[in-house]
Amino acid sequence: MPSPAAPAPMKVIYDTDPGIDDAMALLFLEYAPSVDLVGITTVLGNASIDTTTRNALYLKELFEIEAPVARGAAKPLVLPLTEEPHYVHGHNGLGDVPIPDTITAAEHELPAHRFIIEMVRKHPGEITLVAVGRMTNLALALREDPGIAALVKQVVIMGGAFGYSGHSGNVTPVAEANIIGDPHAADEMFAAQWPIVVVGLDVTQECVMTTAYMQELREKAGKAGQFFWDISRFYEDFYRKATGIDGIFVHDSSAVAYLLDPSLFETRTGPIKVVTEGIAIGQTIQKPTTRSFPPTPWDGLPDHTICTAVDTERFLDLYFRTIVEGAAARA
Ligand code: BDR
Ligand code: CA
């Protein structure tokens with residue numbers, strides 16, 4: 001008997017602000033056999049839009065990634081531009097490792113939000129959006145074509161925090177970077193009728209790639225392993241000073257891990273709102289589906305899923321295997 005055909009790979013658009021952990025998550029997607037990466041869209045965040053777009057093009061060239069790169073939002077929807085977090089990702093967004101002046105890969109002709117609309121309309125019901133930067137491009141796409149919400153298969157984001165395992169914020173005591181960077185965009189995204197899975201600090205800060213893990217990756221994952229080692233020196237230093245951990249939190253790759261194997265996570269459902277002003281700006285608050293309250297601003301909003309716990313050992317193993325095998329296949 002012939003063996004049953006493998007399911008078709010998932011079509012994914014990766015919305016990103018590379019960014020050290022963004023770069024590590026990009027290769028996790030690119031090397032995952034179950035993913036067909038159909039586009040990379042950039043957004044400001046870890047660095048300016050010029051820098052994050054240049055970095056995405058550089059990664060595309062360096063790792064021979066076929067997916068096109070479409071340039072996205074240069075500023076948040078409502079908030080003014082603020083200084084970039086050079087102290088986390090370096091001045092060039094990639095840990096200040098030298099990047100060539102000239103990149104030959106060219107940008108896609110469409111801006112990111114129109115690229116998203118075009119791809120979703122072309123492949124109704126098939127596209128998953130994995131968004132690991134500010135949610136500005138997703139909000140712009142929804143504003144221009146609200147009908148795409150019903151045509152997107154799934155949205156998986158890295159962002160937010162809900163207080164599980166003591167994790168509630170990394171920019172303020174209650175706000176995570178991707179959400180506080182454009183809280184209005186995040187709130188609009190959560191109000192849309194599409195299924196969102198939120199992979200927040202509750203799980204990403206539970207997972208640490210130690211120096212020893214990064215060393216082993218460098219030894220076994222060829223060019224990718226060496227590159228990850230180089231770009232993560234700056235990031236590791238930041239985390240050592242800021243939190244005392246020996247290694248790096250695994251933010252953006254956690255969203256990819258959910259996509260590849262949701263069984264790694266425990267979850268809770270309910271509508272989500274984002275605080276858009278005041279001292280709690282950027283806070284993400286979910287009303288659990290299981291609880292009832294007197295009338296609240298969450299009434300009538302769609303349910304979304306948040307991740308509340310993660311099997312870190314299985315996740316780190318999945319990442320390691322995917323990168324090592326992907327690198328070997330391309331050597
Ligand atoms: C998020 O902010 C950025 O620094 C990282 O790339 C990640 O997407 C973590 O809060
Ligand atoms: Ca990011």
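Visitor: What distance separates an oxygen atom of ligand 1 from an N or O atom in the side chain of Asp-21?
Guide: Heads-up: this is a predicted model, where local features need pLDDT of at least 70, side-chain atom pairs count only at pLDDT 80 or more, and totals for chains, interfaces and linings use all residues; side-chain values use heavy atoms, leaving out hydrogens and water. Residues are numbered from 1 along each chain as its sequence is written, while chains are lettered from A and ligands numbered from 1 in the order written. The pair you're asking about, ligand oxygen and Asp-21 side chain, comes out at 2.6 Å.

Visitor: Which side chain has an N or O atom 2.5 Å from an oxygen atom of ligand 1?
Guide: Let's check two candidates. For Asn-178, the ligand oxygen to side-chain N or O distance is 3.0 Å. The 2.5 Å value belongs to Asp-252.

Visitor: How much of ligand 1's accessible area does the protein cover?
Guide: On its own, ligand 1 has 280 Å² of accessible area (Shrake-Rupley, 1.4 Å probe). Around it sit residues including His-89, Met-158, Glu-176 and His-251 (near means a heavy atom within 4 Å). The share covered by the protein is 94%.

Visitor: How many charged residues does the shell around ligand 1 have?
Guide: Asp, Glu, Lys and Arg count as charged. The shell also has three nonpolar and five polar residues. The charged ones number four.

Visitor: Which helices each supply at least two residues of that shell?
Guide: Helices here are DSSP runs of at least four residues, strands of at least two. One such supplier spans 20-31 and the other 177-180. They're H1 and H6.

Visitor: What are the edge strands of the open sheet?
Guide: Eight strands line up as S3-S2-S1-S4-S5-S6-S12-S9, with mixed pairing (at least two DSSP bridges make a pair). At one end, S2 and S3 run parallel, joined by two bridges. The strands that pair on one side only are S3 and S9.

Visitor: Which residue in S3 is the bridge partner of Ile-40?
Guide: S2 covers residues 35-42, and S3 covers 69-70. The partner of Ile-40 is Val-69.

Visitor: What is omega for the cis peptide bond between Pro-18 and Gly-19?
Guide: Most peptide bonds are trans. Gly-19 lies in the loop between S1 and H1. Its cis bond with Pro-18 has an omega of about -10°.

Note on methods
A polar contact is a pair of N or O atoms within 3.5 Å; within protein, one must be able to donate a hydrogen and the other to accept it, and residues adjacent in sequence count only if both atoms are side-chain atoms.
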